[in-house]
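Open the model in your viewer and keep the sequence panel beside it. The stops below go from one selection to the next.

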Amino acid sequence: MSNPRFTSKQQVYNYDKKPIEIYMFIDPLCPECWALEPILKKLHIEYGRYFSIKHVLSGRIANLNVSKKKNYEVIAELWEKTASRSGMSCDGSLWLENPVASPYIASVAIKAAELQGRRAGIRFLRKVQEKLFIDKQNISHFDVLKSCAKSAGLDVEEFISDFHSESSAKAFQCDLKITTDMEVQEIPTLVFFNENVEDEGIKITGSYPYEVYVQILEEMLSEQPVKNPPPPLETFLKYFKLVASKEIAVVYNMSISQVEREMKKLLLLQKVEQLPAKYGTFWRYVED
């Protein structure tokens, strides 16, 4: 971890009313970013009133546009190792069977989704990750991205129009400039800012235990944060729609076996559908 001084965040994005702003530097193809989802969900539920997250697309995997079989074999191995370690399944065989030709297209699509609001952008990003890491679909195909927009509840016609506009491409270029200006070399990287624009930002590269992120929030707030308890499990599932056993385990401080027992009860009540994955299990909430 390091805490360099950065350009004022107000020169980059409009700051909202929450006391902490977190810039999360990601790439839609990065399995380590996907592996952070359980921790981010827990942080959002317990301390979400204190911070907002701005996703910044780093473009760090842009060199994958060069189709080299050896590169794909390395990426496939990385996906498998990350999935095995983190419990957030991703199937590396995608790179040997149907490699993503252009991460640029997915990145511009994420910026197009964000034009419908920050929350819309976050929902869309999650759908893109699900299509890629769970369903093994090629997110460089625009039909797949349109499907993500629909399932994320976006205005699909507006999304298509925005994708083909200059605004989305310029927004992505802006993200790349922020990545350079903040000297972000690896993903995922999280940078925490408080309300005082003169204060240093705290940069964290890679993944750390949940307690580290909580400690940073505590240090940056002028008050002791109050932790929210997690909602009832069914409420959690209804809100997030599709979650991994690992995500439930982290949020609710349960073992995977405990999660499986609880979810099988909901399965019998037809409240959820079970989606086995290469590593672990995902659960989809069944709408009434």
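**Stop 1: α11 and α12**

Select helix α11 (residues 233–240) and helix α12 (residues 245–252), which pack at an angle of about 130° with their axes 12 Å apart. Helices here are DSSP runs of H or I with at least four residues, strands are runs of E with at least two, and both are numbered from the N terminus. Axes are lines fitted to C-alpha atoms, for helices over the stretch in contact, and angles run from 0 to 180 degrees between N-to-C directions. Angles under 35 degrees count as roughly parallel, over 145 as roughly antiparallel, 65 to 115 as roughly perpendicular, and the rest as oblique. α11 and α12 are therefore oblique to each other.

Show the side chains of L233, F236 and L237 on α11 and of I248, V251 and Y252 on α12, since these residues make the contact (heavy atoms within 4.5 Å). Six of the contact residues are nonpolar, none is polar and none is charged. In this division Ala, Val, Leu, Ile, Met, Phe, Trp, Tyr, Cys and Pro are nonpolar, Asp, Glu, Lys and Arg are charged, and the others, Gly among them, are polar.

This is a predicted model: local features need pLDDT of at least 70 and side-chain atom pairs count only at pLDDT 80 or more, while totals for chains, interfaces and linings use all residues. Residues are numbered from 1 along each chain as its sequence is written, and side-chain values use heavy atoms, with hydrogens and water left out.

**Stop 2: α12 and α13**

Keep α12 and add helix α13 (residues 256–268); the two pack at an angle of about 105°, with axes 9 Å apart. They are therefore roughly perpendicular to each other. On the α12 side, pick S245, K246, I248 and A249; on the α13 side, pick I256, V259, E260 and M263. The residues of this contact comprise five nonpolar, one polar and two charged.

Now center on K246, which lies in α12. K246 is partly exposed, with a relative accessible area of 30% (buried means under 20%, exposed over 50%, partly exposed in between, with a 1.4 Å probe and protein chains only). Not counting residues up to four places away in sequence, K246 touches P38, S86, G87, M88 and I256. Draw a distance from the C-alpha atom of K246 to that of V226: they are 25 Å apart, with the two positions 20 residues apart along the chain.

**Stop 3: backbone details in the loops**

Which residue in the loop between α11 and β5 (242–244) should be selected? Choose K241, which is in that loop and has a positive phi of about 75° although it is not a glycine. K241 counts as partly exposed at 36% relative accessibility.

Next take N253, in the loop between α12 and α13. Its phi is near 55°, again positive in a residue other than glycine. At 62% relative accessibility, N253 is exposed.

Then go to P188, in the loop between α9 and β3 (189–193). The peptide bond from I187 to P188 is cis, with omega near -5°.

**Stop 4: two buried residues**

Select D175 in helix α9 (residues 166–181). D175 is buried, at 1% relative accessible area. Its side chain makes a polar contact with the side chain of K111 at 2.8 Å. A polar contact is a pair of N or O atoms within 3.5 Å; within protein, one must be able to donate a hydrogen and the other to accept it, and residues adjacent in sequence count only if both atoms are side-chain atoms.

Finish at C30, in the loop between β1 (20–26) and α1 (31–35). C30 counts as buried at 5% relative accessibility.
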